[in-house]
Amino acid sequence: MKYILFVAAALMGMTAACTKVEEGFLSDGIRYKSPEIFIPKGITARYPGILFDGSTPPVTFEMLEIRPVGGGKLPGAFTTRYPVWVFKDKMSFDPDTDTTVKLLRAKQDSLQELPFEFNPVNGGFLFKSPSANIPNGVYEFDVKATNVNGSKVYKNIARLHIEDPEYIRMTEIPVIPGYDSVTNTFPGEAKGTMELKRISTTGTTVMLKIMDKNGKLFNPKNGEVITRGDRPSFTSYAKFNPVIVTDTALITDYAIAPYPAKLIPGYVNYLIYYRIPAWFIKMDGAPAKAWAANPRFGFQILFEGTYEVTIRLPNVTKL
């Protein structure tokens, strides 16, 4: 019996020695850290790659298909190249010296770019500014992984949630001091409100409107909205084109986002100052035409487009 067992063990050992050892390992558990990837469109940003789950490196990845969750045709924006202005090496926008579009473009190259790139080395994503053209929605995709072991396809490995970013933000709550020119003081002050609205995805224009507590718009063309000496205004942050003055708004073509792109020394939060002369208003706590209103506020546009900024002065009545 001992002899028989010895022979059987020897035969098994010989059989095992003749069996080909599998080279490498490719896990069934390859995955993203989170299967839900949230993409604010239009922002240039990198997103983490795939977890190898112990697979033998190097592993390369290929995106096989991307499709809307729930069915339907993939929007053409995913595969369309769009024109993009990018700064040349080590160059950037400086509002103090780049005072014309010609000077700005001399620092830039015009490229045709896809909305995103898929990294075959780690399965990560680089989303770029043309992703602003992708319709909002949730998109699932498949990935093929390959290493020395072979290849495997991972269906519906993750979902891309394409959503609107923050296009424009308030950087300073509007404050409206009342200026008494007789005593040369600011005896009254109130916090105002700011409404930020993106009207269009095209253009590089922002319209500033200022209204009183009752919703009546002030008329810049009539001198009802004026600058305050050397304090920052629209013109201070973008000098490409003169500010257009209408009977309802001040309009500036900022040419490049973000706007403002650079703080002015001595001022924080991209502050903007204007004045409503006393003879056009009555401020709370003062006789008519006694005090001027001096609204100050701040905002920043993060993406190109056409915007409307409306400031309401809660302690001011237009006469």
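Contact here means heavy atoms within 4.5 Å. By that rule, S92 touches F87, D98 and K107, once residues up to four places away in sequence are set aside. Keep in mind that this is a predicted model. Its mean pLDDT is 90, and 93% of the residues reach 70 or more. One stretch to treat with care is residues 14-21, where the pLDDT is below 50 and the model shows zero contacts beyond near neighbours in sequence. Where pLDDT is low, the predicted coordinates should not be read in detail.

**Overall build**

- The protein has three helices and 23 strands.
- Its radius of gyration is 31 Å, against a value near 20 Å for a compact globule of 319 residues.
- Along the principal axes, the C-alpha atoms fill a box of roughly 120 × 45 × 40 Å.
- Buried residues make up 41% of the 319.
- Take the contacts with a separation of 6 or more: 72% of them join residues 24 or more positions apart.

**Nonpolar cores**

- The largest nonpolar core holds 39 residues, and the ones touching the most other members are V206, L208, I210, F234, Y259, Y274 and F299.
- Elements giving two or more residues to this core include β12 (168-180), β15 (204-211), α3 (234-237) and β22 (305-312). The strands β19 (281-283), β20 (291-293) and β21 (296-301) are also on that list.
- L208 makes a good place to start browsing. Leaving out neighbours within four places in sequence, L208 is in contact with F234, T248, A249, L250, Y274, F297, V309 and I311.
- Another core, of 28 residues, lies apart from the largest one, and among its members are I37, I39, I134 and F141.

**Strand β22 and its partners**

- β22 is largely enclosed by the rest of the structure, because seven of its eight residues are buried.
- On the parallel side of the story, β15 and β22 pair over eight bridges. K209 has T310 in β22 as its bridge partner.
- β14 (residues 193-200) runs antiparallel to β22, and seven bridges join the two. Here T193 stands opposite R312 in β22.
- In a regular strand the side chains alternate between the two faces of the sheet.

**Salt bridges**

- The structure holds 17 salt bridges. As background, side chains of opposite charge can pair when their charged atoms come close.
- K209 and E308 form one of these, with their closest N and O atoms 3.1 Å apart. K209 sits in strand β15 and E308 in strand β22, so the pair ties together parts that are 99 residues apart in sequence.
- Are those two side chains in buried or exposed residues? K209 is buried because its relative accessible area of 19% falls under the 20% cut-off. E308 also counts as buried, with a relative accessible area of 14%.
- E224 and K318 make another salt bridge, and their closest N and O atoms are 3.3 Å apart. This pair links distant parts of the chain, 94 residues apart, with E224 in the loop between β15 and α3 and K318 in strand β23 (residues 316-318). Both E224 and K318 are buried.
- D53 and R31 meet through their side chains in a salt bridge at 4.0 Å, N to O. D53 lies in the loop between β4 (50-51) and β5 (60-68), while R31 belongs to strand β1 (residues 31-32), so the pair ties together parts that are 22 residues apart in sequence.
- D53 is partly exposed at 38% relative accessibility, and R31 is partly exposed as well, with a relative accessible area of 41%.
- Salt bridges also link E65, R67, E140, D142 and K155 in a network.

**Back to S92**

- Where does S92 sit? S92 lies in the loop between β6 (82-87) and α2 (101-105).
- S92 counts as partly exposed because its relative accessibility is 47%, and partly exposed covers the range between 20% and 50%.
- One of its contacts, K107, is 15 residues away in sequence, with the two C-alpha atoms 7.4 Å apart in space.

Note on methods. Residues numbered from 1 in each chain as written. Predicted model: local features only at pLDDT ≥ 70, side-chain atom pairs only at ≥ 80, totals over all residues. Heavy atoms only, no water. pLDDT = per-residue confidence, 0-100. Core = buried A, V, L, I, M, F, W, Y, C linked by side-chain atoms within 4.5 Å. Buried < 20%, exposed > 50% of the residue type's maximum accessible area, 1.4 Å probe, protein only. Helix = DSSP H or I, 4+ residues; strand = E, 2+ residues; numbered from the N terminus. Pairing = 2+ DSSP bridges. Rg over C-alpha atoms; globule rule 2.2 N^0.38 Å.
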